[in-house]
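This report considers how one protein chain is put together, beginning with its charged side chains and ending with its nonpolar cores. Please keep the sequence and the structure in view while reading.

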Amino acid sequence: MTLMTERPVISGGEPGSFEELLDIVDELDLRDGFKAEIYRGKIVVSPWSKGYYARVMTLVCRQLEPHLPEGHVIDRGPFLYVFPGDESAYGPDIHAAPERVFETESNRLDGEALVFVAELTSTSTRDDDLTDKVVVYGRAGVPVYLLLDMQKGQSTVFWTPSANGYESHCTRPFGEDLHIPKPFDCPLDTTGFHAPATNPPAP
């Protein structure tokens, strides 16, 4: 594996199948603070989220949970959703799916069962969140993809999934309400999504 500046770690070699890639991900001995995903046939290792992302993810979950379809749950990672048709497997920051999806001993969950995903961008994975994941989530039929661009301070919601990704999207700066389409059909208040003004003092 090769480390590239400002990019995730990407696997080398030519594994024989998507299943073999999933097996490799299972066997990786990662340093604390890193996670592994599969992007179109390549294993990508990237750092976990910054501390204040927890606040943002909590705000999203609290607002959307009352609008969930019956029998569904919304949660934060770490769960790996697989998309075999695109040779991809992602661990979205926030995900919503039917409760039955989690009634398994496998750590590989069905990506096509998702009704909502949200990704909070980082410097190393931002380009992938804006491109590959838009296509893969859309092709899988995920009804709503929420992209929180933590570097630009804006939120984009994608809906109307299609074979090319999504046909509809809307972008608003942090601090403004963003409408989340069905199955939620509710406003999302993005106040509080910005980074802290200063780092807290050392204890």
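Does Lys133 count as buried or exposed? Lys133 counts as buried, because its relative accessibility is 1% and the limit for a buried residue is under 20%. The model is a predicted one.

**Salt bridges**

Lys133 forms a salt bridge with Glu119. Glu119 counts as buried as well, at 2% relative accessibility. Lys133 belongs to helix H4 and Glu119 to strand E9, so that distant parts of the chain, 14 residues apart, are linked. In general, side chains of opposite charge can pair when their charged atoms come close.

The structure holds eight salt bridges, including the three tabulated here.

| Salt bridge | N to O distance |
|---|---|
| Asp86 and Arg139 | 2.6 Å |
| Arg126 and Asp149 | 2.7 Å |
| Glu119 and Lys133 | 3.1 Å |

Arg126 is in helix H3 (residues 126-130) and Asp149 in strand E10, so their salt bridge ties together parts that are 23 residues apart in sequence. Both Arg126 and Asp149 are buried. Elsewhere, Glu19, Asp23, Asp26 and Arg108 are joined into one network by salt bridges that share partners.

The salt bridge between Asp86 and Arg139 ties together parts that are 53 residues apart in sequence, because Asp86 lies in the loop between strands E5 (80-83) and E6 (88-90), while Arg139 lies in helix H4 (residues 132-139). Asp86 counts as buried at 14% relative accessibility, whereas Arg139 is partly exposed, with a relative accessible area of 43%.

**Nonpolar cores**

In soluble globular proteins, nonpolar side chains tend to be buried together. In this chain, the largest nonpolar core has 27 residues, and Phe116, Leu146, Leu148 and Ile180 have the most contacts inside it. Several elements each supply at least two residues of this core, among them strands E9 (116-120) and E10 (144-149). Helix H2 gives the most, with six residues. Apart from its neighbours within four places in sequence, Phe116 is in contact with residues including Val60, Leu64, Val144 and Leu146. A second, separate core of 20 residues includes Tyr81, Tyr90, Val136 and Tyr145.

**The chain as a whole**

The secondary structure comprises four helices and 14 strands. Of the 203 residues in the chain, 47% are buried. One of the strands, E11 (residues 154-162), contains Ser155, which counts as buried because its relative accessibility is 0%. Beyond its neighbours within four places in sequence, the contacts of Ser155 include Leu146, Leu148, Cys170 and Thr190.

Definitions and conventions: Residues are numbered from 1 along each chain as its sequence is written. This is a predicted model: local features need pLDDT of at least 70, side-chain atom pairs count only at pLDDT 80 or more; totals for chains, interfaces and linings use all residues. Side-chain values use heavy atoms; hydrogens and water are left out. A nonpolar core is a set of buried Ala, Val, Leu, Ile, Met, Phe, Trp, Tyr and Cys residues joined through side-chain atoms within 4.5 Å. Buried means under 20% relative accessible area, exposed over 50%, partly exposed in between (1.4 Å probe, protein chains only). Contact means heavy atoms within 4.5 Å. A salt bridge is a side-chain nitrogen of Lys or Arg within 4 Å of a carboxyl oxygen of Asp or Glu.
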